[in-house]
Amino acid sequence: MPKKTTRKSRARGGFTFSEVLVTLAILGALLAVAIPATFALTKGLKMMELDACARQIAVAVQNNLTGMKSAGTLKSYGDKNTAPVGGHYISNGDADVQKILPIGAIDPAVADKYYTIVYNSATGTVLEVYYAEHSFTVSDALANSGMGTAEVEARKAAKIGYYNGDDIKSGPASTLPKPVITVENGLELKVTVTTTPMNWQSTAKLTLHV
């Protein structure tokens, strides 16, 4: 005798319409939170990359300026371009830019983009660097100098990286102590070099026997 199939014993074959609506509503809420957060994170990472490129330029220029200052060859380039923070600025398209940022000093991919360097030729100090993957108006960039909230947001909107060189500014030049060299020519040649390294409390001595 065939068995009768009742509604209670029938297996459910899928979701009800109301369950689908609830699921879609949950997914919609999650996407509404995730998409803006993902966009903000991507934008933040891009700004970090641009800022890092600006810092790379600043470090390379500061190293070069320090060497020029030590050699007594430091001079002003872009002296007609006065920056609001003091000093002068020079950009990637200027003829003398390679004098303070030599070819090969930074990643070629970074050097191929757009940047403006603000520096003090009297002290040999990098003050600011602006960097972008697109051309920008220098006056607009300089108008957003500093780390204030408004300036930071303005640079984010314009997608311009920034570095103010605070942690690479060179201090005053120090004079190294002169070493004392003594030579004793006996059965064997004895050369002794005595010096006091900077920030050491005691002297250092090196003796060579030839």
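**A salt-bridge network and a surface patch**

Let's start with one contact. Glu133 and Lys46 form a salt bridge, and their closest N and O atoms are 2.9 Å apart. This pair links distant parts of the chain. Glu133 sits in the loop between β3 and α4, while Lys46 sits in helix α1. Along the chain, 87 residues separate them. Keep in mind that this is a predicted model.

Now, which other residue joins Lys46 and Glu133 in a network of salt bridges? The third member is Glu49. The side chains of Lys46 and Glu49 meet in a salt bridge, at 3.6 Å from N to O. Here the partners are three residues apart in helix α1, so about one helical turn separates them. So Lys46 has a partner in helix α1, Glu49, and another in a loop, Glu133.

Are these residues buried, exposed or partly exposed? Take them one by one. Lys46 has 31% relative accessibility, so Lys46 counts as partly exposed. Glu49, at 40%, counts as partly exposed. Glu133 comes out at 38%, and that is partly exposed again. Why that label? Because partly exposed covers the range between under 20%, which is buried, and over 50%, which is exposed.

Next, another salt bridge. Lys156 pairs with Glu153, with the closest N and O atoms 3.8 Å apart. Both residues lie in helix α5, which covers residues 149-158. They are three residues apart, about one turn of the helix. Lys156 has 33% relative accessibility and counts as partly exposed. Glu153 has 44% and is partly exposed too. How many salt bridges are there by this rule? The count comes to four.

On to the surface. Which residues form a nonpolar patch there? Phe15, Phe17, Val20, Leu21, Val22, Leu24, Ile26, Leu27 and Leu30 do. Together they have about 950 Å² of accessible area. Let's pick one of them, Leu24. Leu24 is found in helix α1, which runs over residues 17-71. Is Leu24 buried or exposed? Its relative accessibility is 51%, and the cut-off for exposed is over 50%, so Leu24 counts as exposed.

Now a loop. Ala122 is found between β2, residues 114-120, and β3, residues 125-132. At 66% relative accessibility, Ala122 counts as exposed. Which residue has its C-alpha atom 7.7 Å from that of Ala122? That residue is Lys75. Along the chain, Ala122 and Lys75 are 47 residues apart.

Let's step back to the whole chain. How many helices and strands does the chain have? There are five helices and seven strands. Read along the sequence, the pattern is α-β-α-α-β-β-α-α-β-β-β-β. So the pattern opens with a helix and closes with four strands in a row.

Last, some totals. The chain has 210 residues, and 27% of them count as buried. The chain exposes about 14300 Å². Carbon and sulfur atoms supply 60% of that area. What about contacts? Consider contacts between residues at least 6 apart in sequence. Of these, 51% join residues at least 24 apart.

To recap: Lys46, Glu49 and Glu133 are linked in a network of salt bridges. Lys156 and Glu153 pair within helix α5. Leu24 belongs to the nonpolar patch on the surface. Ala122 is exposed, in the loop between β2 and β3.

How values were computed: Residues are numbered from 1 along each chain as its sequence is written. This is a predicted model: local features need pLDDT of at least 70, side-chain atom pairs count only at pLDDT 80 or more; totals for chains, interfaces and linings use all residues. Side-chain values use heavy atoms; hydrogens and water are left out. Patches are made of residues with over 30% relative accessible area and no salt bridge: like charges are joined within 9 Å, nonpolar side chains (Val, Leu, Ile, Met, Phe, Trp, Tyr) within 5 Å. Accessible areas come from the Shrake-Rupley method with a 1.4 Å probe; for residues, only the protein chains shown count as cover. Helices (H or I, at least four residues) and strands (E, at least two) are DSSP runs, numbered from the N terminus. Buried means under 20% relative accessible area, exposed over 50%, partly exposed in between (1.4 Å probe, protein chains only). Contact means heavy atoms within 4.5 Å.
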